[in-house]
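Let's take a friendly walk through a protein model, from its sheets to a single side chain. Keep the picture at hand as you read.

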Amino acid sequence: MSSRSVPHGGLRLDGHKSRPLEQPVLAVPPPRTCILALDQGSGEEAEAIVEPGTRVRVGTRVAAGRGTAADLHAPVSGTVTGATRLPTAAGEGRCLVIESDGRDEREPGVAPLDWQALDGPSLIERLAASGLAGLGGAAFPTASKLAMARAEAVELLVLNGAECEPWICCDDALMRERAAEVVLGARVMLAASGAAHGVIAVEDDKPEACAALEAALVVTGDARLELRVLPALFPLGAEGLLIAALTGREVPHDGLPPDVGVVCQNVGTAAAAARFVTEGLPAVTRIVTVTGGGVRRPANVEARLGTPVVELIAACGGYRTTPDRLIAGGALTGRTLASDDVPVTKGLNCVLAATAADLPARGPEMPCIRCGDCADVCPVQLLPQQLHRAARADDVAALARHGLAACIECGCCDYVCPSAIPLTARFRAARERQRLLGAERRRTEEARARFERHCERLAAQAEEERRAFEDARRRARGDGPPSGTG
C-alpha cells in the first residue's frame, strides 16, 4: 500500500547498499576489552552503579538510566577495570571499561518473559529494566516512549523501516533475516502502548525485506498490523516526515508524535524487544552497517555494545585503503569519528569508512548566489539561506523567526548548494550556541532565585531577631505584651 502523501522537497539518491547485503549478518566476536559509553547516543549519561573491581556477567545492570538515558547492562562477563572519559561516537564521555574473562556467562535469572500475561504498565516496567533504547540512532529509552504513548492514549504504532540514508542498510538486513522478530516486537509494543493498530513502514527500494515482512505477517495473523510501502526518498525516515506521509498529520516541531496520536519506534528496536521477551536478554547487541570504499568487504555485523569500531572493521577484512573520513552514521547525517577506537553504542547504526569517491564532491566555500535550491529540497519547508544569514550574524530573533528549531539537520541543503556552504554544520552550531546560552540563562535565573531566597531568609531572620530584642526590652522594662501578640 502506498503512503498518504509525499513530503515537500527531499532527495532521490543513488544507494550504496548492495555490497553489505550480499551476505548474511556477520557475528563479531565479543571484545576482550569492552568500552561501555554511559551516553549511548541520547545526549545524556546513565549513572554508573558499579565500581572498578566489580565482577559482572552478560546482562548485569551496570548503570541506571536517567532522563533520556536508558539502563545499561554488561555485554560481556568479566571485571570492571575502570570508569574514565574516553572518545565515543558522540565526541567524548565517561565510559565503563570491562575486561572480558572469555566465558560469556549470563546473569542468573535471564529467562523468557510471558509478556502476554502482563498488563501494559507492567510490561513497560519490564522493558525499562531491559535497557531497551531506540536503535534508529537517537537511543531514547523505549519504555519512556511507550509510557508516554499509553498516557496519551495513542491509536497508532509506527515501526520505522524506511532507512533512507544511501549507505545504511542494517535495518534492511534485519528485516530480511528476522522479519518474525520485527512482527513479534510490534505485537509487544502494541500491548505496552495500548495502540489499537500498527504499521510497519518500509521504502520501496527494499523488496526482499517487504516480502519477508509480508510472509511473517501472514504467519502471525494479527489483523492489527499492516505493511505500508513508501517511495525511497531522503529523508523520509525522519520521524515527523514519516508520520506525515503515513497519516497526513503534522507533528509540531516543539511537540512529539503522541500529540497527534502516534508512537514511532525503529524496526531494530522492535526486534530487540522480541529478543528480550523470548530470551530475557537485555539490550547488549546491535547490528551495524560497516561500509565504504575504505573497507575490504562491506557487511552488516552484529556486535556487542562496547566493541571498538576497529574490531568491526577487522571482521570485514580490514581497511582496503586509508579512508578520508571515518563517519558514524550516513554520509549526509553522520558525524566524523576521531578514531576507530570508539565503541559501538545503541545509537551507532553505521560506520562509513569513506574515501574521496564516496563523498559528494565539494569545492571551496563561495558566497551564496540565492539560487533557492536549498529551499526547494528542504523537507520541512524552511528557507535555509535566510537561516544561514541569521546564523552567521548570531541573530537569535531571526533564527527563531525562520524556524531553526524545526530544522532536522538532514543535510539536503548542503547536498544541493552550488556554493558548497556547510549549511547544516552552521545550523547545528547555532543550535548548540542557543542551547548553551539557554543553559547559562537558566543557571543565572536559578542563581538569582537562590540569592533572592537567601535575602528573604536573612530579612526574616533579622525581623525575628528585632522582634526578640523588642520583646526582651519590653519585658525588662515591664512595658506590656510582646510584639506581634496584639
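Helices and strands here are DSSP runs, numbered from the N terminus, and a strand has at least two residues. The model you are looking at is predicted.

**A lysine in a loop**

With those labels, we can place Lys-346: this residue belongs to the loop that lies between strand E16 (335-336) and strand E17 (350-354). Is Lys-346 buried or exposed? Lys-346 is buried, yet has no salt bridge. A salt bridge would need a side-chain nitrogen of Lys or Arg within 4 Å of a carboxyl oxygen of Asp or Glu, and the nearest side chain of opposite charge, Asp-71, is 7.8 Å away. What does the side chain of Lys-346 reach at 2.6 Å? The answer is the backbone oxygen of Gly-131. Leaving aside neighbours within four places in sequence, Lys-346 is in contact with a list of residues including Gln-40, Asp-71, Gly-131, Arg-286 and Leu-305.

**A parallel sheet**

Now turn to the strands. As a general point, strands of a sheet pair through backbone hydrogen bonds, either parallel or antiparallel. One open sheet has 4 strands in the order E11-E10-E9-E12, with parallel pairing. Its edge strands, E11 (225-230) and E12 (262-266), each pair on one side only. From one strand to the next, the twist averages 25°. Helix H5 (residues 207-220) packs on this sheet, where the helix touches E10 and E11, and its direction makes about 165° with that of E11.

Strand E9 (residues 156-161) deserves a pause: 6 of its 6 residues are buried, so E9 is largely enclosed by the rest of the structure. Both faces of E9 are covered, with Leu-156, Val-158 and Asn-160 buried on one side and Leu-157, Leu-159 and Gly-161 buried on the other.

**An antiparallel sheet**

Another open sheet of 4 strands has the order E2-E8-E7-E4, and here the pairing is antiparallel. Strands E2 (33-37) and E4 (55-56) stand at the edges with a single partner strand each, so one side of each is left without a neighbour in the sheet.

Here are some of the strand pairs from both sheets.

| Strand pair | Bridges | Direction |
|---|---|---|
| E10 and E11 | 6 bridges | parallel |
| E9 and E10 | 6 bridges | parallel |
| E9 and E12 | 5 bridges | parallel |
| E2 and E8 | 5 bridges | antiparallel |

You can find individual partners in the picture too. Val-202 has Val-229 in E11 as a bridge partner, and Gly-161 has Val-202 in E10. Leu-157 stands opposite Val-263 in E12, while Ile-35 has Val-97 in E8 as its bridge partner.

Conventions:
Residues numbered from 1 in each chain as written. Predicted model: local features only at pLDDT ≥ 70, side-chain atom pairs only at ≥ 80, totals over all residues. Heavy atoms only, no water. Buried < 20%, exposed > 50% of the residue type's maximum accessible area, 1.4 Å probe, protein only. Lys, Arg positive; Asp, Glu negative; His and termini not counted. Polar contact = N/O pair within 3.5 Å; in protein donor to acceptor, adjacent residues only side chain to side chain. Contact = heavy atoms within 4.5 Å. Pairing = 2+ DSSP bridges. Axes fitted to C-alpha atoms, helices over the stretch in contact; angles between N-to-C directions.
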